[in-house]
Amino acid sequence: MVDAVVVGSGPNGLSAALVLAAAGLRVEVYEAAEHPGGGARTEQLTLPGFWHDVCSAVHPMGLASPFFRAFGLEARGVEFLQPQVAYAHPLDGGRAGLAWADLERTADDLGRDGPAWRSLFGPLVDRWEGIVATAMSDYRHPPADLAGVARLGLRVLEQGSPLWRKRFRGDVAPALLAGSSAHAIAPLHRPAATGAGLLLGTLAHAVGWPIPRGGSRSIVSAMTTALEAHGGRIVTGHRVESLRDLPRVRAVLLDTAPAGLLRLAGDLLPDGYARSLRRFRYGGGVCKVDFALSGPVPWSAPGCDLAGTLHVVGDEREATIAERDVAAGRHADRPYVLVVQPGVVDDGRAPEGRHVLWAYAHVPNGSERDVSDQVIAQIERFAPGFGDLILAQRVVTAAQQPAYNANYVGGDISGGATTPWQMVMRPVPRWDPYRTPLPGVYLCSSSTPPGQAVHGMAGLHAAGRVLRGRFGVRTDPLELVRSLRKGP
């Protein structure tokens with residue numbers, strides 16, 4: 001007696017299931033792994049007592065996403081811990097750019113580039129809610145905040161073109177912005193990466209870049225507890241091999257990449273749609289390195305020890321070269337390394353006096369290369385003596401990522417290449433990007449708008465389409481999510 005089935009229990013699959021359950025439907029979620037969560041799991045990956053986030057680790061969207069604001073993670077026991085420095089960007093010579101939660105303090109630290117940083121981000125921070133609402137939309141409706149989007153758009157045009165050189169005079173502010181833009185795993189100073197960097201930078205000053213106590217699994221735990229309380233059922237350790245294996249239900253939602261849909265549907269898909277899915281572009285990959293450390297990282301630059309997240313690559317020029325190499329299918333000599341040190345706010349992630357360190361290096365899609373030596377060298381460059389602290393490490397190459405999560409095709413953790421076209425028209429150019437040609441079958445993964453990050457919005461948008469198209473329910477999905485707070 002099931003109305004809908006969700007395949008995949010990542011944040012988008014769980015958000016879709018929650019919307020459907022809030023509408024009174026009977027929902028089952030099937031997950032191939034032994035634990036739900038997809039890219040939001042926390043496990044002991046190196047040594048006993050060292051808890052590492054397997055993929056996502058820092059969650060500004062946990063506070064900013066319309067889905068999570070309606071759901072209320074903090075009211076459900078998720079404790080968001082705010083590092084004093086949202087993100088840092090170490091530079092040679094013992095210097096670093098520090099993005100404090102406070103915009104004014106950040107601008108003051110940037111000296112002569114402070115006014116330029118303030119004028120870049122101040123108007124965006126003032127309208128962050130409307131900007132986020134548009135960035136997290138399905139890109140099929142007018143912007144929620146035209147003025148805010150216009151402000152963002154003008155800055156994307158500036159920073160996503162050669163005009164970016166006109167704003168800053170020093171090297172610290174450009175490095176700070178390049179580091180956040182590189183989260184897109186795409187060439188810098190282009191609209192897609194610049195838009196990501198400006199949005200993330202805005203959130204750093206608006207809501208922070210928090211780390212949930214106990215790791216990302218706490219977010220998943222809140223979602224699964226609410227789903228089960230409202231009659232949903234999660235079946236783990238159950239890999240769906242074909243749509244034909246699913247029970248007869250009125251709706252199927254797939255939290256899968258386009259490659260997963262092709263695998264599950266086989267010859268059921270029309271040839272034209274299947275060809276479009278095969279043309280879907282995947283982006284650069286990541287080589288993940290987790291470290292168990294005997295102590296905190298000995299950063300040379302003051303303030304880096306206070307940061308939850310660090311962008312370890314050198315100055316803006318080096319970051320640009322590194323991301324250009326990856327986009328061209330080459331391994332960078334000095335790769336961009338994204339580092340998270342949860343211990344600055346969460347002392348429960350490792351035994352007393354010890355620390356965990358989370359690191360990604362950007363590499364070409366499908367890379368089989370273990371770049372842990374380069375990761376260590378990049379960190380050592382800005383934290384001499386780091387290597388002496390390593391008690392254990394675990395490496396997952398880009399080519400190995402799909403064994404953990406089939407959605408990470410070739411190590412692409414973003415659900416597809418970050419380009420302006422593919423952000424809007426993912427996975428195929430259709431007015432309804434969630435509905436497939438198969439009756440009752442929908443996609444709800446990060447390979448649909450609004451794309452990457454732990455925000456739950458792709459699931460919410462897809463579930464809204466399901467409710468309207470399959471069950472005749474036209475209630476605003478966000479209102480349904482808010483109703484979950486009242487209990488079952």
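Strand 1 (residues 4-7) and strand 10 (residues 251-254) pair up in the parallel sense, over four bridges. This is a predicted model, and the pairing belongs to an open sheet of five strands. Here's a quick tour of that sheet, plus the helix that lies across several of its strands.

**The sheet**
- Strand order runs 9-2-1-10-16, with parallel pairing.
- Strand 9 (233-235) and strand 16 (441-443) sit at the edges with a single partner strand each, so one side of each has no neighbour in the sheet.
- On average, neighbouring strands here are turned by 20 degrees against each other, direction ignored.
- Looking at one spot in the pairing, Val-7 stands opposite Leu-254 in strand 10.

**Helix 1 on the sheet**
- Helix 1 lies across strand 1, strand 2 (27-30), strand 9 and strand 10.
- Against strand 2, helix 1 runs at about 170 degrees.

**Helix 1 and helix 10**
- Helix 1 (residues 11-22) packs with helix 10 (residues 217-229) at an angle of about 25 degrees, and their axes are 10 Å apart.
- Angles under 35 degrees count as roughly parallel, so that's what this helix pair is.
- The crossing of helix 1 past helix 10 is left-handed.
- From helix 1, the contact takes in Pro-11, Leu-14, Ser-15, Ala-17, Leu-18 and Ala-21, which meet Val-220, Met-223, Thr-224, Ala-226 and Leu-227 of helix 10.
- Sorted by class, that contact has nine nonpolar residues, two polar ones and no charged ones.

**Annotation**
- An unreviewed UniProt entry places "domain: Amine oxidase" at residues 13-467.
- Over residues 13-467, the chain is 35% helix and 16% strand, with the end C-alpha atoms 15 Å apart.

Conventions:
Residues numbered from 1 in each chain as written. Predicted model: local features only at pLDDT ≥ 70, side-chain atom pairs only at ≥ 80, totals over all residues. Heavy atoms only, no water. Axes fitted to C-alpha atoms, helices over the stretch in contact; angles between N-to-C directions. Helix = DSSP H or I, 4+ residues; strand = E, 2+ residues; numbered from the N terminus. Parallel < 35°, antiparallel > 145°, perpendicular 65-115°, else oblique. Left-handed = near helix turned anticlockwise from the far one by under 90°. Contact = heavy atoms within 4.5 Å. Nonpolar A, V, L, I, M, F, W, Y, C, P; charged D, E, K, R; others polar. UniProt positions renumbered as here; feature names shortened; annotations may be inferred. Pairing = 2+ DSSP bridges.
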